[in-house]
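Got your viewer open and a hand on the mouse? Let's walk through this one stop by stop, selecting a piece at a time.

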Amino acid sequence: MEPASRLDHNHQLSLREFPYIVRWRDDRCKRCGKCTAICPVKAIEPTVQVQRAIESAGITPAPVTTRKAVHIVEQVLDMERYCTGCGSCTLVCPNEAIEPEYNPQHKFYHYKNKGGEPLKRGGRRNDPAVSTLDRLKFTRISMLTDPALDAGRHEFRVRTLLGRILPPEELPLKIKNGKLVVDKDSGKFVPPVREIFPIMIGSMSIGALSPPMWEGLAMGVAYLNEVEGLPVVMCSGEGGMPPRLLKSKYLKYFIIQIASGYFGWDEIIHALPHMKEDPAAIEIKYGQGAKPGDGGLLMAQKVLKLIASIRGVPQFVDLASPPTHQTKYSIEEAVAKMIQSMSMAWGFRVPVYPKISGTKTARAVLNNLARNPYAAALSIDGEDGGTGAAYNVSMDKMGHPIASNLRDCYLDLVKQGKQNELPLIAAGGVAKKGNLAANAAALIMLGASAVSIGKYIMQAAADCFGDEYNRCNLCNTGKCPRGITTQDPKLYRRLDSDRVAERVVETFKAADVELKKIFAPMGRSTELPIGMSDGLSIDDKAMAKRLDINYAC
Amino acid sequence: MCRLAAITSNKYFSPMENILALETMKEGHDGSGLGLTLKDLGGEFEDLKAYPVMSGICSKKGISILDEFMDKHGFKLQHVWTPKIKKVKGVTSRDYYFARAYNYPEHYKNKSMQEKEELLINTRLELRKIGESDESIFVFSFYPDVITLKEVGDPLQLGEFFGLDKNGPKAKIIFAQGRQNTNYQIYLYACHPFFIQGYCSMTNGENTAFVPIREFLMSRGFPGYTGYNSDSETFTHILHYTVRHLGFPLTYYKDVITPLKPSEADMRKDREALKLIKQSLRPLCIDGPNMVIGFTPDGTCFMVQDSKKLRPGVVGGVKGKYALMSEECGLDSDIPKRDKTKDIFPMKYDMVIISPQAEEVMVWNQLHG
């Protein structure tokens, strides 16, 4: 006897289980096949269906049953080929006949563990709720008692410092003829400090990003510095940098990252004697907000010739960086040594700082770094940070929100009087809803010296489809439909690096104006309002108390 | 916007001069208070220059607590001045206004001035702490050769109230502020001028960078950096921190509160030092509209503007007497017989410095250093 399950399709999933349901309109579709061809996950396919119709025709019409085969576009009921909602099909459809629709009742996570393999993906935490950063408002407005400044007319300096800053008491100064002069004989080490724009592009590697995407970002950053006079810096991510760039005058706009896999560092070390400029800084990655305590991962399918050569590895192998640096057995010794080694490699002319994921233990790290005179900053990446590849559980459930993590660290520095000595760089969910300048300003007023962005710039500059409804998020597969996070030339040729660069420039110029539009009415113009917490409010009493800011409703 | 009247002279004069100048600028203060700081005292304090003078206000209960405290700590009362209070409509009299000169405790007599200053500031702060919650004790200053008077009300009426129009202390440097209250409550400790260990300042603006500056100062580990009932108190403490604690020449006060842009600083000979102090003292950069008038322990007076010159300020006078006012009419009221063409309206890069005894005026330009 035939099992009942085959007869009633019992073990087949229904469309209601899928995160996105493809709405296809028979009446508008001209069967061109573009949608099924472009779908990165083959979630839709052309198929043939037998349709039964009853027709009545003629002078004395009598109903006649007819059957005909029709071509349709069908969504596949295989969770391994789920529709990611990217919408590439909609983009290419000439007749607006197809569109994925988010299904809030989906049971996607119930099924994404085939073969015992948990869901891995790219993107950031799938939480579409309004973040703390977006709930912060600027409520100290200069009114009548002090004139608000004019963002268009007054001179503004939206700049910050990256690097260890000496306390005033320790400056090697002496008075000569009534003037302060630097005492060159003091033998005092003055750490290198860079003046930069307070929003920087965070670490995204040249393997995680496609060549035109990385190139576009790099060109945009160079243009901002060279032409617009906006000193924006960008971090290389783990995986090295193109050798030509390492030896170029533009290196000064880049922060080179070293992470636990040390990928690309053979090339970097060899390029050292040929470098014309020092890099902006060195970032030592100890953690990442999207996957705290987890290592980096570049899947084999993305390790093509260019990437293999930059990283110094064979092609098509998984490149996993360990969760931690293998030499790291204690912060006070190993981390300090790594900071010193990196400093030494560039003759102590380059700021070197660690990046950690947001964690309750961030203060312990901070306090240790505060005592290390060579630590140039601390970058904290909160739970909303993005990544090219991680386990879903790491992304969705691990990590610490940036707002309170940063605030705790800043207030700890204030207690020690070191708030100006060790800059804090905040990241993780900045501009999640597109409010780049507002989120950055809020973090600055909570105590950040600078903020880092990643996912946002992919969205703003290269139209990344990803969002917090798990849309697309295919970065790990090498099948990015926008050509942003793929090494497949067929896909990345869709991306024009010049256009990416143009959008990077537009984005930063707009953010610069918006920052001024925030700072001007608050009466701030000459220095970045780091820690100006009296300017902020939030509409939740518990949050206000936690962040030590005003409650306003 | 508060009105400011500072006068420096080589002769002793009455604070009524400052008050009358404030009267001409009346439309700029709302009678919410008067603050007076007198330095280089004359009259009955002329021979008491070596003794620290405590200025303040006490309730009946407060004065007995204060006496007991000072006795316990070995301070011996040397001289007392209390104003002859005249009841004036609109001014609510408190129990006891005073300026009292004390002799140092026996075991401090041979100690250095620095140790004595430490004792004085700790004593002042402790008394403030004791009397702050119930307002039984207000101590504004405790330092040799300096008296501070503060009260809520109209400056002219307060002058009459304290009997300053008849007699009272005289000095060679007197700072006065006619208060326009922009805080949420009128509070005596929020009234300018502010004084700490020989350094004094008053301003007529708003300090929009108040919280980061306050946090920076309070985390320096110096007990005197406290209070901050007014955002302007930070200006005095920045002055003290820059000149006394860090030992920078006075002009660097301007470089700390309104640092030059890198392109401008490059024009200065001391650019390397400027770059370092700009970085290390970044949290002390002021923002918002402010004109600051101050004096230092040697009797030098100065006026500086915020980096955009958003507030008025004028300096003028004759050799031996100069006035630093927030408005020209105040200057006219005090020193009418002067060459007005030589009045100085400092612009955003300027620091007007008047040497002790009002000997000479110098305009220091930040761009040229």
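Start by colouring chain B by confidence, since this is a predicted model. Within chain B, helix 4 (residues 155-161) has the lowest confidence, with a mean of 91, while strand 15 of chain B has the highest, at 98. Across chain B the mean pLDDT is 93, and 96% of the residues reach 70 or more. For the complex, the predictor reports an ipTM of 0.93 and a pTM of 0.94. Keep one habit for any model like this: where pLDDT is low, don't read the predicted coordinates in detail.

**Stop 1: where the chains meet**

Now show both chains and look at where they touch. How many residues of chain B are in contact with chain A? There are 37 of them, and they meet 39 residues of chain A. Select helix 5 (210-218) and helix 9 (271-280) of chain B: these are the elements that give two or more residues to the side of chain B that touches chain A. Helix 9 of chain B provides the largest share, six residues. Try colouring this side of chain B by class, and you'll find 17 nonpolar, ten polar and ten charged residues.

**Stop 2: three strands in chain B**

Stay in chain B and select strand 5 (residues 96-103) together with strand 3 (residues 52-58). They run antiparallel and are joined by six bridges. For a pair to zoom in on, pick B:Ile57, whose bridge partner in strand 5 of chain B is B:Tyr97.

Next, add strand 4 (residues 76-81) of chain B. Strand 4 also pairs with strand 5 of chain B in the antiparallel sense, over five bridges. Here you can pick B:Trp81, which has B:Ala99 as its bridge partner in strand 5 of chain B.

**Stop 3: some backbone oddities**

Go to B:His192 and B:Pro193 and turn on the backbone. Is the peptide bond between B:His192 and B:Pro193 cis or trans? The bond is cis, with omega near -10°. B:Pro193 sits in the loop between strand 8 (171-178) and strand 9 (194-196) of chain B.

Move along to B:Gln197, in the loop between strand 9 and strand 10 (199-203) of chain B. B:Gln197 isn't a glycine, yet its phi is positive, about 45°. B:Gln197 counts as buried because it has 20 C-beta neighbours inside 10 Å.

Then jump to B:Tyr228, in the loop between helix 5 and helix 6 (233-245) of chain B. B:Tyr228 has a positive phi too, about 60°, and isn't a glycine either. With 19 other C-beta atoms within 10 Å, B:Tyr228 is partly exposed, because a residue needs 20 or more to be buried.

**Stop 4: a proline in a loop**

Select B:Pro356, which lies in the loop between strand 15 (350-354) and strand 16 (361-365) of chain B. B:Pro356 is partly exposed, having 17 other C-beta atoms within 10 Å. Which residues does B:Pro356 contact, leaving aside its neighbours within four places in sequence? The answer is B:Asp298, B:Gly299 and B:Thr300.

**Stop 5: over to chain A**

Switch to chain A and give its two domains separate colours: domain 1 (13-117) and domain 2 (135-551). Their C-alpha centres lie 43 Å apart. The contact between them takes eight residues from domain 1 of chain A and nine residues from domain 2 of chain A. On the domain 1 side of this contact, four residues are nonpolar, four are polar and none is charged.

**Stop 6: one side of a helix**

Still in chain A, select helix 11 (residues 362-370). Which of its residues are buried? Show A:Ala362, A:Val365, A:Leu366 and A:Leu369 as sticks, and you have them. Look down the helix: these residues cover an arc of only 100° around the axis, so they are on the same side of helix 11 of chain A. To see what covers them, add elements of chain A including helix 10 (331-345), strand 17 (352-357), strand 18 (378-381) and helix 13 (402-416).

**Last stop: a lysine in a strand**

Finish at A:Lys174, in strand 8 (residues 173-176) of chain A. With 15 C-beta neighbours inside 10 Å, A:Lys174 counts as partly exposed. Leaving aside its neighbours within four places in sequence, A:Lys174 is in contact with A:Val181 and A:Asp183. For a distance to check in your viewer, try the C-alpha atoms of A:Lys174 and A:Lys184: they are ten residues apart along the chain and separated by 9.7 Å.

Notes
Residues numbered from 1 in each chain as written. Chains lettered and ligands numbered in written order. Predicted model: local features only at pLDDT ≥ 70, side-chain atom pairs only at ≥ 80, totals over all residues. Contact = placed C-beta atoms within 7 Å. Helix = DSSP H or I, 4+ residues; strand = E, 2+ residues; numbered from the N terminus. Nonpolar A, V, L, I, M, F, W, Y, C, P; charged D, E, K, R; others polar. Buried ≥ 20, exposed ≤ 12 C-beta atoms within 10 Å, placed from the backbone. Domains from an automatic or database assignment. Pairing = 2+ DSSP bridges. Arc of directions from axis to C-beta. pLDDT = per-residue confidence, 0-100.
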